[in-house]
Each structure stands twice: as C-alpha cells, then as structure tokens.
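Me: I am new to this structure and would like a close look at a single part of it. Please take the sheets of chain B, and the helices that go with them, and describe them with care.

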Amino acid sequence: MSELGGAFAAAFQLIATADADLMEIVGLSLRVSLVALVLASALALPLGAWLGIARFRGRRAVVVLLNALMGLPPVVVGLVVYLVLSRSGPLGTLGLLFTPTAMIIAQTLLILPIVAALSRQVMEDLWSEYEDELRALGASRLRSVPTLLFEGRFSLATAILAGFGRAIAEVGAVLIVGGNIAHVTRVMTTAIALETSRGELHLALGLGILLVALAVAVNATAQLVQNAAERAGA
Amino acid sequence: MPERGGLPIRLEGVRVERGRRTLVHDLTLRLEAGPLSVLLGPNGAGKSVLLRLLAGLLQPSAGTLEPARRPGEGSAIVLQRPVLLRRSVLANVEYALRLRGIDGPERDQRVRRVLEATGLLGFEQRPARRLSVGEQQRLAIARAWALEPDLVLLDEPAAPLDPPSTRALEEAVRRLHEEGRKVVLATHDLGQARRLADEILFIHEGRVLEQAGSGEFFEGPKSAEARAFLAGQLPE
C-alpha cells in the first residue's frame with residue numbers, strides 16, 4: 001500500500017514539475033491521435049452522411065459491415081498496417097514503419113469506422129426528420145448533406161469524441177507499427193505498458209492519471225459546449 | 001394550357017400507393033388560380049396526401065396530375081409538423097432563400113417583408129425552436145412566403161394552436177391570398193373552413209366527394225358523408 005502511495009506521490013511530482021519526458025510523451029500522443037482524428041473525420045463524416053441519406057442496393061450490408069468494423073481489434077489493424085509498411089510490403093519503400101506517421105495511419109484506420117458508423121446513424125435519424133421539409137424547400141440530397149451536418153453538429157461532435165477516445169487510449173496498433181521507440185514513437189499507452197513491465201510505476205501512474213484527465217477534460221468540454229448550445233436553443 | 005405558376009391543376013383518377021397500402025383511391029379535381037381552397041375532411045381522409053401530391057413530394061401511382069411538378073417548383077408547402085432548422089428565425093428564412101440563389105438586398109427585403117407580415121419582426125435572432133408553437137407555425141409560413149410561390153399549400157397549420165395564435169395565423173393566410181397567390185389549406189376544423197374558404201373540397205376516404213363554393217357547401221352539402229361531418233357525427 002505504501003509503495004502504491006509512493007508511486008502516486010512520485011507521479012504527481014512528475015506532473016506538477018511538467019517532467020520533460022512525460023510532456024514529450026503526452027505531446028506525441030496528442031499529436032498522433034488528433035491528426036488521426038482529423039483525417040478520419042474528414043473521410044468518415046462524408047461517408048457517414050452518404051450512407052445515412054443515400055438509398056442503394058446493398059446499403060444494409062454496408063451498414064452492417066461498418067458497424068462490425070467499430071469493434072476492429074487494434075492489434076489486427078496494427079498488423080495489417082505493419083505488413084503494408086514493412087520493407088517487403090507494398091508501401092515499404094516509403095520507410096514509414098516505426099514513425100509517428102505509421103501510428104497516425106493505424107489510428108486513422110482504427111477510428112474511421114467508429115466515426116463513420118456513429119455519424120451514419122445521426123444522419124439517418126436527421127434525414128428521416130428533415131427529408132420532406134428540405135425537399136419541399138427545393139434542396140437536393142447533395143445540398144442537404146452540409147445542412148444536416150450542421151444541424152447534427154452536436155451529435156456528430158460526440159461521434160468524433162468517441163473516435164478520439166478510442167485513438168488516445170489504444171495501445172496495440174501503435175505498439176506494433178510504432179515500436180515504442182523512446183523520443184520517437186513512445187506514446188502514453190505504450191509507455192504505460194513498458195514502465196509497468198519495468199516496475200517504474202510512478203511514470204506509468206503519472207501517464208495514467210494524465211490519460212484519464214485528458215479523456216475527462218475533452219468530454220467535459222464537449223458537454224459544456226452542448227449545454228451552452230442547448231441553452232441558446234441551437 | 002396552364003397559366004402562371006402551373007395553375008389550374010388537374011387531377012384525374014389519381015391513386016397513391018405506399019407499399020401495399022392505398023393512401024388515396026381515385027382523386028379527380030381541378031384547382032383554379034383564384035379562390036382560397038380548403039380541403040375539408042376527417043383525419044386520415046387523404047388531405048395531406050393530396051397536398052403532398054400538389055407539392056411534388058409524392059408522385060401518383062396511377063392517374064394523371066397536370067402539370068407535373070417538382071418539389072419547390074413554383075410552390076411551397078407548410079407541413080403539418082414543420083421542421084425548423086436549429087438556427088435563428090432569420091437564418092431559417094435566409095436558408096430557404098439561399099437555396100433558390102436569392103441573396104443580397106433582395107433577400108433582406110423579402111425577409112423583412114415576410115417577418116412583418118407574419119408578426120415575427122423583432123424575433124430575428126431568437127432560436128427558431130424556442131418559439132411558441134404558434135410562432136413556429138408562422139415562421140414556417142414566413143419561410144414559405146419568402147419564396148414568393150404562386151401556389152401555397154398549408155397542412156392543418158392551426159391544429160395545435162390556441163385561439164389568439166389561430167387568429168394571427170389566419171390573418172397571415174389571408175394576406176398571402178390577397179397578394180394573389182393560390183392558397184390550398186387542409187383542415188378538419190369547420191370554423192376555420194368557414195372563416196377562410198372561398199371553395200371547399202370535401203375529402204372522404206381518399207376521394208373528393210364534393211367541390212363547391214363555401215356558402216353552397218355549408219348550406220347544402222350533397223353527400224351523406226359531408227352532411228354527417230357537418231353535423232359532427234363521429235365516423236364508424
């Protein structure tokens with residue numbers, strides 16, 4: 001118990017003094033996950049919108065597949081990206097393996113189905129509510145997409161946050177394609193795994209506390225924004 | 001040949017099916033440009049279906065509708081439960097105008113005019129979904145009005161309203177009509193039909209049983225169904 005207490009004390013000390021190693025790891029984690037989030041959202045939102053509004057043969061099957069991909073195991077994504085980026089893989093010549101770029105690619109693939117599937121549901125619900133009105137006003141399906149994205153902005157923000165939560169917290173994919181190299185590809189989750197296995201609990205705990213705090217802060221901010229918007233009637 | 005705004009409108013033997021259900025069976029009627037037409041009938045008679053046909057939101061499964069219409073083409077419809085955007089009053093009207101490529105001073109002028117006509121001037125920055133039900137209905141009318149359609153279709157616009165809100169709404173409907181627009185309003189409210197209608201189209205179970213001047217209809221309905229409806233008898 002006292003060892004655990006000591007580890008907590010050391011962890012808070014690292015956070016309070018903004019330890020350089022700690023901050024570097026946190027910074028890289030945020031950079032990788034946020035870039036992945038932006039890329040995934042840029043692809044997933046239009047895809048989700050299209051799937052929510054379009055009607056075509058086989059659409060149900062695509063929706064089922066997309067929903068299933070939400071549960072994609074990170075290690076599988078990591079393995080696939082590893083095979084593609086490894087020296088003998090189709091993109092091996094790019095030399096991206098064990099770089100932050102590889103980690104961004106893996107996380108993008110991991111969270112794209114989550115954001116797309118959740119936004120598909122949001123858009124489908126909105127479309128059933130707005131379809132007649134927008135058609136009556138003369139809006140085409142294509143023109144309706146940006147309108148619905150704007151109307152559903154707060155629900156979509158939740159979908160995006162779910163993607164961010166998945167990205168920042170996953171360990172399998174970034175470990176495989178990043179290699180957990182100190183000062184290069186070490187992020188919070190891989191560092192926690194490593195430091196725990198080495199018995200360096202204070203750094204692992206410090207990172208763990210920051211990881212949880214980050215998740216809480218992001219979600220609290222989103223909630224505040226949503227509450228403010230609801231109060232304003234938006 | 002159709003006149004301005006695709007009027008008159010002619011429906012002959014129109015049937016609308018949705019899946020295995022037949023929504024209206026055999027609609028035959030003619031709507032002229034002039035009178036304020038009220039579609040009268042009980043709930044489920046087919047009034048909303050007819051309005052959606054006229055708006056181009058539904059296509060006939062069989063029969064003839066002339067002239068054929070695409071949604072928003074010279075017409076505007078205020079749905080029974082209008083969907084307002086999660087934006088301000090002003091942004092709701094501006095959105096509709098922007099869809100038609102109307103911008104700049106012309107847009108501002110139209111917005112001001114319709115908000116004034118519907119008693120919503122001063123409400124511009126209010127969130128549309130925070131308005132009262134009556135104000136929301138008037139905003140939906142303002143949004144349709146701003147498009148300056150020749151044909152305005154109103155689906156039970158006063159159904160959820162209290163008497164003062166109904167009065168304000170009916171005033172807006174009268175002004176719309178006085179501007180020379182064709183107004184077709186669906187209602188099951190006899191009082192409203194008496195107050196507003198120049199002509200009545202009585203609809204029962206997906207068929208137009210009577211089309212007559214308002215006075216003529218209320219003084220001597222020809223069909224047994226219309227007489228029962230006017231007498232306030234509940235359907236079986």
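Reply: What follows goes through the two sheets of chain B in turn and then takes up one helix.

The model is a predicted one, and in it an open sheet of six strands in chain B follows the order S5-S6-S7-S3-S8-S9, with mixed pairing. Its edge strands are S5 (75-78) and S9 (207-213), each of which pairs on one side only, and from one strand to the next the twist averages 15 degrees. Within this sheet, strand S3 (residues 37-40) of chain B runs parallel to strand S7 (residues 182-187) of chain B, and four bridges join the two; B:Leu40 is found opposite B:Thr187 in S7(B). Helix H5 (residues 163-178) of chain B packs on the sheet, where it touches strand S6 (151-155) and S7 of chain B, and its direction makes about 150 degrees with that of S7(B).

Chain B also has an open sheet of three strands, in the order S2-S1-S4, and here the pairing is antiparallel. Strand S2 (21-31) and strand S4 (62-66) of chain B are the edge strands, each pairing on one side only, while the twist averages 25 degrees from one strand to the next. Strand S1 (residues 9-18) of chain B is joined to S4(B) by four bridges, the two running antiparallel, and B:Glu12 stands opposite B:Thr64 in S4(B).

As for the helix, H1 (residues 47-55) of chain B is mostly covered, with nine of its nine residues buried; among them are B:Lys47, B:Arg52 and B:Leu54. Just after H1(B) comes B:Gly56, which takes a positive phi of about 85 degrees.

Note on methods: Residues numbered from 1 in each chain as written. Chains lettered and ligands numbered in written order. Predicted model: local features only at pLDDT ≥ 70, side-chain atom pairs only at ≥ 80, totals over all residues. Buried ≥ 20, exposed ≤ 12 C-beta atoms within 10 Å, placed from the backbone. Pairing = 2+ DSSP bridges. Axes fitted to C-alpha atoms, helices over the stretch in contact; angles between N-to-C directions. Contact = placed C-beta atoms within 7 Å.
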